[in-house]
Amino acid sequence: MPDQEHSPHKATVRSIAGQAHVPLGEAIARLQQAGFAVKHPSNKLEGQALRDARELLGLRAWGDKPPPARRLTRSELIVQCLRPLREKGKVGKTHTSPIEHVYGHGIPDHQKDEARELVDELVTAGFLLEKPSQGRRHVWLSQAGLARLAAAETDVG
């Protein structure tokens, strides 16, 4: 039979307070104000009481899906793609960066495909210029790209 002490459906007040990064005394007080019969950090909660206590302390209840990841706006994506090029001095034909670094770093995983399409649009529009090469695609930030980056930074605030 599995160890009941370590079941994810049982927890002490001390453990859920620690998970919520709430001081133990404050956690007990908040739980008591909400009607929970807890008096000591080692009091155990289980089932619906545990679920309610976790939610009261700002934690997800077991089994709930996490909130959806925040999506960056188009301007925020432009800033995330182009700002590192400007900061690293990738302006001009002799200062290039592999194109996959532009959309591959600093972009949330759930938006990498969108960022890749955006970078291709920026190349087509002339904001990023491409170096002809025999292998990996390399790009640099054009003067028009610097202006587009400044406009996007203004939009983002």
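The following exchange introduces a predicted model through a few of its residues, its nonpolar cores and one helix pair.

Modeller: In this predicted model, local features need pLDDT of at least 70 and side-chain atom pairs count only at pLDDT 80 or more, while totals for chains, interfaces and linings use all residues. Residues are numbered from 1 along each chain as its sequence is written, and side-chain values use heavy atoms, with hydrogens and water left out.

Biologist: Does glutamate 76 count as buried or exposed, and at what relative accessibility?

Modeller: Glutamate 76 is found in helix α4; helices (H or I, at least four residues) and strands (E, at least two) are DSSP runs, numbered from the N terminus. Buried means under 20% relative accessible area, exposed over 50%, and partly exposed in between, with a 1.4 Å probe and protein chains only. Glutamate 76 therefore counts as buried, at a relative accessibility of 18%.

Biologist: Which residue is joined to glutamate 76 by a side-chain polar contact of 3.4 Å?

Modeller: A polar contact is a pair of N or O atoms within 3.5 Å; within protein, one must be able to donate a hydrogen and the other to accept it, and residues adjacent in sequence count only if both atoms are side-chain atoms. Leaving aside residues up to four places away in sequence, glutamate 76 touches Val156, Arg71 and Arg70, where contact means heavy atoms within 4.5 Å. The side chain that makes the 3.4 Å polar contact with glutamate 76 belongs to arginine 70.

Biologist: Which helix supplies the largest share of the largest nonpolar core?

Modeller: A nonpolar core is a set of buried Ala, Val, Leu, Ile, Met, Phe, Trp, Tyr and Cys residues joined through side-chain atoms within 4.5 Å. The largest one has 21 residues, of which Leu82, Val102, Val119 and Leu128 touch the most other members. At least two residues come from each of α4 (74-87), α5 (99-104), α6 (112-125), β5 (138-141) and α7 (143-156). The largest share, six residues, is supplied by α4.

Biologist: How are α4 and α7 oriented to each other?

Modeller: The axes of α4 and α7 lie 9 Å apart, at an angle of about 130 degrees; axes are lines fitted to C-alpha atoms, for helices over the stretch in contact, and angles run from 0 to 180 degrees between N-to-C directions. Angles under 35 degrees count as roughly parallel, over 145 as roughly antiparallel, 65 to 115 as roughly perpendicular and the rest as oblique. The orientation of α4 and α7 is therefore oblique.
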